[in-house]
Amino acid sequence: MSRKKSTISRRSFLRGAAIAGVGAAAAPVLARAGAQDAKGEELATLLDISKCVGCGACVVACGEANESRYPKPEKPFPEMVPPRVKVADWSDDRYVDDRLTPYNWLFVDNITVNHEGTEHEIHMPRRCMHCTNPPCANLCPWGAAAKKDDGAVVIDPDVCLGGSKCKSVCPWDIPQRQTGVGLYLDLLPRFAGNGVMFKCDRCQPRMAEGKLPACIEACPMQVQQIGPRSEIIAKAKALAAEMNGYIYGLEENGGTNTIYVSPVPFEKLEQARAKVAPSAGKKGKGKHAGKGKNSGRPNLKQVGSPFEKEDMFAAAVFTAPVAGLAAGAIRLLRKTQSGHGEDS
């Protein structure tokens, strides 16, 4: 079954296409980026949100590219012990597209704000920030989260137990959990984790084939570009100087591989963004454990490096080797289970 089209797309895709005109067809094709550039440098993305018209083409493209990787939960869900590990079920609300969910790894935040006497309509694609020193990868007790050589931060669904440590240490609450899928069902379904965490991995399957992430390729306005981080930073600074604008992601959380340039200060965008609540879905009311009105809607606050704190640094040093062993053991278990399945 094909994925239902984004409501953002139905609302405004034609408007964006009309503005773009034939420009998209004539636009130069961005260089296909492999795992790393020739110098082995991490890749980063630059988003010029002054160009974004909120058409939703990126959201639709993300859904189509990743549909086969979305969770397919088994129901009924096992009852959890202790009950504090609550069910997080988005399977009946998989087409919600105004926030991040296990079925929606990218959304467009639409923000209206007044700056220097002018009202601005800002449309900001939001997804994982892909931190350069990601606390989610450093602190996952099972080694399910990891940073790739190309700078993308990924979660291995075959290893993740849905414990949500990645979400709790992420300053933007980006990873989202779906109950009823994953390894916990084969281990101790009443005691461990309660699902798998999902988020953008910057289209790793497409990147492995030498393709661009789907959101970048689909954008008619060329809002995003990807390249070696040093080059992206230089472009971001030049763009910000040109528009007398502002940068976000360069230093936040110790630095990220997702860098935004805006004509409006991000402090003002955050103030306006926080006042707008997303939909909670219709059928899934009450099933989205721990979801406040802004959960799944990453903030734009100034975020310092998490490892400046001694307790966080110590936890990372302790967790890393343990997580590596845990991940290896889980992968071995998976391989053993797969082998038994083939023999039976």
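The buried residues of helix α8 pack against four strands: β1 (43–48), β8 (224–228), β9 and β10 (258–262). That makes α8 a handy place to start looking around this predicted model.

**Helix α8**

Helix α8 covers residues 229–243. With 15 residues at 1.5 Å a residue, α8 should span 21 Å, and its end C-alpha atoms are indeed 21 Å apart, so the two values agree. Which residues of α8 are buried? They are Arg229, Ile232, Ile233, Ala236, Leu239 and Ala240. These buried residues sit on the same side of α8, because they cover an arc of only 130° around the axis. The spacing follows a simple rule: an α-helix has 3.6 residues a turn, so residues three or four places apart point the same way. Turn to the face of α8 that looks away from the buried side, and you'll find the exposed residues Ala241 and Glu242. Just past the end of α8 comes asparagine 244, with a positive phi of about 55°.

**A strand residue: glutamine 224**

One of the strands that the buried residues of α8 pack against is β8, and glutamine 224 lies in it. Is glutamine 224 buried or exposed? Its relative accessible area is 6%, under the 20% cut-off, so glutamine 224 counts as buried. The C-alpha atom of glutamine 224 is separated by 9.3 Å from that of lysine 51, although the two residues are 173 residues apart along the chain.

**Aromatic pairs**

The model has three aromatic pairs. Here are two of them, side by side:

| Ring pair | Distance between centres | Angle between planes | Kind |
|---|---|---|---|
| Tyrosine 70 and tryptophan 105 | 5.2 Å | 85° | edge-to-face |
| Tyrosine 248 and phenylalanine 266 | 5.3 Å | 40° | tilted |

Take tyrosine 70 and tryptophan 105. Both lie in the loop between α3 (57–66) and β2 (107–115), so this pair ties together parts that are 35 residues apart in sequence. Both residues are buried, too. Ring pairs also bring in Tyr103, which joins Tyr70 and Trp105 in a cluster.

Now for the tilted pair. Tyrosine 248 belongs to strand β9 (residues 246–248) and phenylalanine 266 to helix α9 (residues 266–273), so the pair links distant parts of the chain, 18 residues apart. Tyrosine 248 counts as buried because its relative accessibility is 0%. Phenylalanine 266 counts as buried as well, at 2% relative accessibility. Strand β9 also ties this back to the start, since the buried residues of α8 pack against it.

**The whole chain**

Stepping back, the protein has 10 helices and 10 strands. Buried residues make up 51% of its 344 residues. Of the contacts with a separation of 6 or more, 72% are between residues 24 or more positions apart. The accessible surface comes to about 16,400 Å², and carbon and sulfur atoms account for 56% of that.

**How far to trust it**

The average pLDDT is 81, and 72% of the residues score at least 70. Over residues 1–35 the pLDDT is below 50, and this stretch has 63 contacts in the model beyond near neighbours in sequence. Residues 281–286 also have a pLDDT below 50, with seven contacts beyond near neighbours in sequence. Where pLDDT is low, the predicted coordinates should not be read in detail.

Notes:
Residues numbered from 1 in each chain as written. Predicted model: local features only at pLDDT ≥ 70, side-chain atom pairs only at ≥ 80, totals over all residues. Heavy atoms only, no water. pLDDT = per-residue confidence, 0-100. Contact = heavy atoms within 4.5 Å. Phe/Tyr/Trp six-rings, centres within 6.5 Å; stacked < 30°, edge-to-face > 60°. Helix = DSSP H or I, 4+ residues; strand = E, 2+ residues; numbered from the N terminus. Buried < 20%, exposed > 50% of the residue type's maximum accessible area, 1.4 Å probe, protein only. Expected span 1.5 Å × (residues − 1). Arc of directions from axis to C-beta. Areas by Shrake-Rupley, 256 points an atom, 1.4 Å probe, with all protein chains shown as cover.
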